[in-house]
Amino acid sequence: MKNTSKLPEVTSSIFSVMGQMAHTHNAINLSQGFPGFDTDPELHALVTEAMASGHNQYAPMQGVYSLREQITSKLNTLYGSDYHPETEVTVTVGATQAIYTAISAFIHVNDEVIVLKPAYDSYEPAILVNGGKVVPIQLKAPTYKVDWKAVQQAITPATKMLIINTPHNPTGTVLTKADMIALQTILEGTNIILLSDEVYEHIVFDGVTHESVAKYPKLAERAFITASFGKTFHNTGWKMGYAVAPKTLMEEFQKVHQFAVFSVHHPTQKAFATYLKTPNHYLKLGAFYQRKRDLFLELIKGSRFKMTPSLGTYFQLVDYSAITEESDIVFAERLIKEKGIASIPTSVFNLDQEDFKMLRFCFAKTDETLEQAAEILNSI
């Protein structure tokens, strides 16, 4: 049989490649973005209780209503929005499914989608498999600030969607109020859908405020916001997330969702519905990870790497240009094989794999792991 691939240029993700290499060489794995510690035992107990109570059959397609109530209550309280649990939220199999479904619901053949790069690696395949065209705009190291004039110039009559991510993976930067106002001005009067990846919304540092699209009514009226319980509550393997959007957008989203997934793990939804009733479970997350970031930066301050402290996410970029002229992919692979530490080379997220000599390290690990990693980095 002969088959034509819909994604002929897509290979294994860099996360799989570096993760497997770390495993093969028994390296400290600061590459993949998963926490190195377990979720709250209270949450474990709530899932077990839900299973014991019989919540083991299909959940409602949109998600358990009590969880949708808690999601919209959280958003509306934090950001002054007015999302309704009945019609404007859907529980998904992680944020990646939410992103894929939003793109699939609206992108037709030859529709253009503006993507700010470096960009998380799930965005572009989702666009391409639906026949859309990626319109990339490269952000430049070391600040990775958005050039909004370039964004405006990239808009054409074929532009159907624009994707943003704040706090930003892999750079650890955040969009500011001025950024959101600029974006609002650019999109006003258009029919462009905004897809806002906000999976790290509660992981911001140094007094920074997360500028959710939900805070800006003129943006929210055209936007999907996607989020992740896995990133927030240290259980990425549970693959639990959600999307919120105005009713008219969410109706189209659910047309795709119901046939791709239909419903999400029932007992876990029941558990989160209870767990979210205590806001400190997510409001203290920024302080928790800021301590991790500060520890990591303090431990490697004597190294030859250069760092600008991450303002959000649980990732830290390091500039290795003072160490070697090797490409980031070659250097990252050598660090695994020769030094026993794994990172992510960031060129894979850039337009034409532009290499800024930056590696991404995940500091969502135990203090002991960060100390072991720092000992290696300081020796390079």
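## A three-strand sheet and a helix pair

Strand 9 and strand 12 (residues 358-362) run antiparallel to each other and are joined by five bridges. Strands here are DSSP runs of E with at least two residues, while helices are runs of H or I with at least four, and both are numbered from the N terminus. Two strands count as paired if DSSP finds at least two bridges between them. Let's zoom in on one bridge: Phe 315 has Cys 362 in strand 12 as its partner.

This is a predicted model, where local features need pLDDT of at least 70, side-chain atom pairs count only at pLDDT 80 or more, and totals for chains, interfaces and linings use all residues. Residues are numbered from 1 along each chain as its sequence is written, and side-chain values use heavy atoms, leaving out hydrogens and water.

Back to the sheet: it is open, has three strands in the order 9-12-11, and its pairing is antiparallel. Here are its edge strands, each pairing on one side only:

| Edge strand | Residues |
|---|---|
| Strand 9 | 315-319 |
| Strand 11 | 344-345 |

Now for the helices. Helix 13 (residues 285-299) packs with helix 15 (residues 367-378) at about 25°, and their axes are 9 Å apart. Axes are lines fitted to C-alpha atoms, for helices over the stretch in contact, and angles between N-to-C directions run from 0 to 180 degrees. So helix 13 is roughly parallel to helix 15 (angles under 35 degrees count as roughly parallel). Residues in this contact (heavy atoms within 4.5 Å) include Leu 295 and Phe 296 from helix 13, along with Leu 370 and Ala 374 from helix 15.

Definitions and conventions. Angles under 35 degrees count as roughly parallel, over 145 as roughly antiparallel, 65 to 115 as roughly perpendicular and the rest as oblique.
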